[in-house]
Amino acid sequence: MGFSTDAIHVGQEPDPSTGSIVPPIYQTSTYVQEELGKNKGYDYARTAHPNRRGLERCVAKLEGGRAAFVFSSGMAGIDAVFRLLRPGDHVIVSQAVYGGVFRLATQLLAHFGLDFSFVDTSCLENVAKAIQASTKMIYVETPTNPTMIITDIAGVAKLAAERKLTLVVDNTFLSPYFQQPLALGAHIVVHSMTKYLNGHSDAVGGAVILARQEDTERIYFLQRSAGSGLAPMDCFLVARGIKTLAVRMAQHNTNGMAIARYLEAHPKVKRVLYPGLPSHPQHEIAQRQQRGFGAMLCFDLDGLEAARRLLNSVKLCSLAESLGGVETLISLPALMTHASMPPAVRQQIGITEGLVRLSVGLEDAEDLIADLDQALAKV
Ligand SMILES: Cc1ncc(COP(=O)(O)O)c(C=O)c1O
């Protein structure tokens, strides 16, 4: 079946007892057993529940995985993936990774004996050089949040295969509609489902999709032991959002390209980073490994005051963290999503105080351009 058919039907079969075309929300903590040791497949909602199982089947199918597990947030899923490791293990992480992952690694997991190196994974030579005897995992975010740096997934997968390392890819920015890392050789895909998979800015969730049986068993063990699985109502919301993923992503892509072109031509914008523009440093890799460019972009203004003026002048774009929803969000990563990164690290990866991030929504592109135009006029 095609992508849209799978997104609408897999794991979302009508309820057999009533015919309800939408699976009901199983808002229950426990399941009555028919007799001691005999149940209908569920015993306690931390361990599993029908809404979670349905959504997990759908997400696994869309990413081409053997299995998927959905978590209370993207960070909860990413935390479970790092817990596949043991004290003393070394991980190579994309240098310009989402600030929350940087914080989890450096301020929490480092205290449990994991060792992290932050490397520009867009350069395969750098990745190869960073591999140590204790390296067990390479964790790549592509494109990175917010700097839109792209890593050649197949290239890193080849290195990982040669050195028997686990390759994890955060596919949040593109969704499986535009990029399928497992098909390019990754072993694990992670998502903040809060973003494009749900797409409506009304739920927080994460997903971990696995290619290998041994990882599948361990991630399920971690999910049920730590109690980090996604609750029924949130599974319902994300499952509903996923049904329109294909049409949303196609329109996000059209709008993203229109806004990127507009900004690139604007005299007050110093630079635009959008993988769909030929000026993007990894435009060719993006064309090769992605089916589309999405709707995330960032651009440089002349310092913090210029950025502040823009953010305070927009009317249609909303000043907010997060991304991937139907409404356009604008933010200043240095003071918002990436505030937990030390300033020196931010500087190194290009998150200046004049760097503005846009998550282009599904409004009419002309309206968004008119809004940016009036706000840029005040800069
Ligand atoms: C690329 C990326 N990965 C992971 C996360 C974490 O996801 P969540 O906020 O759902 O915990 C985010 C959040 O912004 C993100 O942008």
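This short presentation describes two sheet regions and the nonpolar core of the structure shown above. Please bear in mind throughout that the model is a predicted one.

I begin with the strands S2 and S3. Strand S2 covers residues 90-94 and strand S3 covers residues 115-119; the two run parallel and are joined by five bridges. Within this pair, valine 93 has phenylalanine 118 of S3 opposite it. Together with helix H4, residues 99-108, these strands form a β-α-β unit, and that unit is right-handed.

I turn next to the open sheet. Five strands make up this sheet, in the order S8-S9-S12-S11-S10, and their pairing is mixed. At the edges are strand S8 (271-273) and strand S10 (318-319), each of which pairs on one side only. Inside the sheet order, strand S11, residues 329-331, pairs with strand S12, residues 355-359, in the antiparallel sense over three bridges. Here isoleucine 330 stands opposite leucine 358 in S12. Helix H10 lies across S8, S9 (296-300) and S12, and runs at about 10 degrees to S9.

Finally, the interior. The largest nonpolar core holds 119 residues, and those touching the most other members are Leu55, Phe82, Tyr139, Leu167, Ile219, Leu263 and Phe299. Helix H10, residues 245-264, gives the most to this core, namely eight residues. Why does the core lie between domain 1 and domain 2? Domain 1 (3-242) and domain 2 (245-377) both give residues to the core, so it lies between them.

Let me close with leucine 55. Leaving aside residues up to four places away in sequence, leucine 55 touches Gln12, Val70, Met193, Leu230, Cys235, Val238, Ala239 and Ile242.

Key:
Residues are numbered from 1 along each chain as its sequence is written. This is a predicted model: local features need pLDDT of at least 70, side-chain atom pairs count only at pLDDT 80 or more; totals for chains, interfaces and linings use all residues. Side-chain values use heavy atoms; hydrogens and water are left out. Two strands pair if DSSP finds at least two bridges between them. Helices (H or I, at least four residues) and strands (E, at least two) are DSSP runs, numbered from the N terminus. A crossover is right-handed if, with the strands pointing away from the viewer, the path from the first strand over the helix to the second runs clockwise. A nonpolar core is a set of buried Ala, Val, Leu, Ile, Met, Phe, Trp, Tyr and Cys residues joined through side-chain atoms within 4.5 Å. Buried means under 20% relative accessible area, exposed over 50%, partly exposed in between (1.4 Å probe, protein chains only). Domain bounds come from an automatic or database domain assignment. Contact means heavy atoms within 4.5 Å. Axes are lines fitted to C-alpha atoms, for helices over the stretch in contact, and angles run from 0 to 180 degrees between N-to-C directions.
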